[in-house]
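The exercises below are meant to be worked through with the sequence and the structure side by side. Try each task before reading its solution.

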Amino acid sequence: MDNFPMAQYTQICSSCGATEIVNYRQHLIKGELYWSGHANCKSCGSTIEFDGQGDLPEELKPAILVEEGEWQLVLDDQNDVVPALRVPRKRRQISLQDAKALLNDLRGTKTTLAWIQDGLRQVNISSTLVRCVSEDKNG
């Protein structure tokens, strides 16, 4: 239905102790950020579903970043920095100081940044999402 990547990790089933696969994804629905997932144990048949609103919990971010790569949000006009501060402050419920630091290097999952970009668009601030190029430090 949507084209948001699904991420996967394994964990120990709380019912039987076997390894189970957990699938989850982020969604943008009518300008709001959500995440959801489910775990299925093939050994005992146990199923768990979970969801939430807002940014992903920190423990779920790594698998999404592996799946889709890291993205950066760049303001098209640097003169928009001051009015743009309101958007991450409101959407992430953070202080002005944290919003300033965030806007200097706004990186994360594509869906999270699209959510912030949507907020910027609502106040007529244009921005661009750019996929970060991973640097191989070994070669």
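**Exercise 1.** Leaving aside its neighbours within four places in sequence, with which residues is Leu106 in contact?

*Solution.* Begin by noting that this is a predicted model, and then set aside the residues within four places of Leu106 in sequence. What remains as contacts of Leu106 is the set Trp71, Gln72, Leu73, Leu113 and Ile116.

**Exercise 2.** Work out how strand 5, strand 6 and strand 7 are arranged in their sheet.

*Solution.* Take strand 5, residues 71-75, and look at its pairing with strand 6, residues 107-108, which is antiparallel and rests on 2 bridges. Within this pairing, Arg107 of strand 6 is the bridge partner of Gln72, while Trp71 stands opposite Gly108.

Next, turn to strand 7, residues 127-131, which runs antiparallel to strand 5 and is joined to it by 5 bridges; here the bridge partner of Trp71 is Arg131. Putting the two pairings together gives an open sheet of 3 strands in the order 6-5-7, in which strand 6 and strand 7 are the edge strands, since each pairs on one side only.

**Exercise 3.** Is strand 5 mostly covered or mostly uncovered, and which helix lies across it?

*Solution.* Count the buried residues of strand 5, taking buried to mean under 20% relative accessible area: they number 4 of 5, and the strand is accordingly described as mostly covered. Then look for the helix, which is helix 5, residues 110-122; it lies across strand 5, strand 6 and strand 7 and runs at about 15° to strand 5.

**Exercise 4.** Which residues of the largest nonpolar core touch the most other members?

*Solution.* The largest nonpolar core holds 16 residues, and those that touch the most other members are Leu73, Ala84, Leu106, Ile116 and Leu120. Tracing where the core comes from, one finds that strand 5, helix 4 and helix 5 each supply at least two of its residues, with helix 5 giving the most, namely 4 residues. Apart from this core lies another, of 9 residues, among them Ala7, Val22, Tyr24 and Leu60. As background, nonpolar side chains in soluble globular proteins tend to be buried together.

**Exercise 5.** Where in the chain is the confidence of the prediction lowest, and where is it highest?

*Solution.* Start from the chain as a whole, for which the mean pLDDT is 88 and 92% of the residues reach 70 or more. Then compare the elements: confidence is lowest in helix 4, residues 96-104, at a mean of 86, and highest in strand 7, at 95.

Key. Residues numbered from 1 in each chain as written. Predicted model: local features only at pLDDT ≥ 70, side-chain atom pairs only at ≥ 80, totals over all residues. Heavy atoms only, no water. Buried < 20%, exposed > 50% of the residue type's maximum accessible area, 1.4 Å probe, protein only. Pairing = 2+ DSSP bridges. Contact = heavy atoms within 4.5 Å. Axes fitted to C-alpha atoms, helices over the stretch in contact; angles between N-to-C directions. pLDDT = per-residue confidence, 0-100. Core = buried A, V, L, I, M, F, W, Y, C linked by side-chain atoms within 4.5 Å.
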